[in-house]
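Work through the exercises below with the sequence and the model open. Each task is followed by a solution in steps.

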Amino acid sequence: MEQVRLGGTGLRVSRICLGMMSYGTPDWRDWVLDLDASRPLVRAAVDAGITFFDTADMYSLGASEEVTGTLLREFFARRDDYVLATKVFNPMSDGPNDRGLSRKHVLASIDASLTRLGTDHVDLYQIHRWDPETPIEETMEALHDVVRAGKARYIGASSMYAWQFAKAQHTADLAGGTRFVSMQDHYNLLYREEEREMHPQCLDQGVGVIPWSPLARGRLTRLPEQHTTVRAGSDPIADRMYGEADDTVVRAVAEVATARGLPMAQVALAWMLHKEAVTAPIIGATKPGHIEDAVAAVDVQLSEEEIAALEAPYVPHPVLGHT
């Protein structure tokens with residue numbers, strides 16, 4: 001597995017990141033796997049050379065972090081052998097302060113996450129979304145203090161407008177604080193709006209891009225009439241994000257995949273890995289084949305003609321995934 005620098009940092013991560021949202025408890029979502037069901041999948045990822053793992057406190061309301069910490073301790077001899085990322089922002093209870101990016105919540109949340117993960121630090125601590133109710137100065141100062149305390153090595157951000165990201169970075173600079181080194185954004189062949197502002201900004205500023213939903217929640221892995229998975233049958237978020245207008249892109253993926261004799265997932269991921277801004281797509285895996293396809297995609301070289309064919313049917317979208 002290829003190891004690359006995360007943006008302009010010296011931190012090296014595997015070219016594929018395993019998203020841990022699928023592991024925790026099915027009490028949270030029907031398609032989520034418990035510890036025992038997760039173990040062989042994470043083992044397969046580790047055996048394939050994946051060393052970059054991304055979770056969040058709100059996934060399975062903490063259970064994902066517990067499963068993540070347990071399995072990574074099982075499969076790696078040393079803490080320094082893998083890169084661990086988690087996130088903060090979403091509600092963890094009904095408490096009015098148990099959400100958002102206030103100083104109170106950020107400092108409480110990092111400690112809670114470290115306890116669940118069973119480690120004294122995360123490598124990348126990310127804000128899951130922009131908090132319109134908290135001054136960005138307060139958030140950036142709190143995150144800087146998390147880094148200064150040794151509880152996180154780097155900080156990152158997730159889906160937001162490019163102007164918000166620029167404001168956060170400028171705020172950190174003014175205070176002599178810690179800048180974001182990564183952007184975890186919504187990006188795939190069905191949703192390419194990030195190419196307009198966010199990705200050019202990240203390239204200019206040396207920020208690594210680690211997209212979520214690189215396969216559009218499975219839409220890019222099968223033809224439209226084949227949506228038969230548990231998640232596809234109960235995924236209102238995907239229903240809001242993608243529609244029939246995107247089917248032409250999916251069929252273009254199928255055509256390239258058929259011509260190359262490859263699974264659609266490999267073609268869709270290979271397209272993303274050709275993008276200069278992208279460091280490591282975050283893939284979800286509930287079956288061994290999901291990991292096999294992701295790892296194999298790293299070595300798939302697409303021609304300029306194939307890339308053009310994949311991109312030609314794209315339909316512009318309203319901004320999606322920021323909330």
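**Exercise 1.** In which sense do strand 6 and strand 7 pair, and over how many bridges?

Solution. This is a predicted model, in which local features need pLDDT of at least 70, side-chain atom pairs count only at pLDDT 80 or more, and totals for chains, interfaces and linings use all residues. Residues are numbered from 1 along each chain as its sequence is written, and side-chain values use heavy atoms, with hydrogens and water left out.

Step 1: find strand 6 at residues 122-127 and strand 7 at residues 152-158. Strands are DSSP runs of E with at least two residues, helices are runs of H or I with at least four, and both are numbered from the N terminus.
Step 2: the two strands pair in the parallel sense, over five bridges; pairing requires at least two DSSP bridges between the strands.
Step 3: one bridge sets Tyr 125 against Ile 155 of strand 7.

**Exercise 2.** Which strand is joined to strand 7 by four bridges?

Solution. Step 1: the partner is strand 8 (residues 180-184), and the two run parallel.
Step 2: Gly 156 lies opposite Ser 182 of strand 8.
Step 3: from strand 7 the chain passes through helix 5 (residues 162-175) to strand 8, a right-handed β-α-β crossover. Right-handed means that, with the strands pointing away from the viewer, the path from the first strand over the helix to the second runs clockwise.

**Exercise 3.** Place strand 7 in the sheet and state how many of its residues are buried.

Solution. Step 1: the open sheet has eight strands in the order 9-8-7-6-5-4-3-10, with parallel pairing.
Step 2: its edge strands are strand 9 (208-209) and strand 10 (282-283), each pairing on one side only.
Step 3: five of the seven residues in strand 7 are buried, that is, under 20% relative accessible area (over 50% is exposed, in between partly exposed; 1.4 Å probe, protein chains only).
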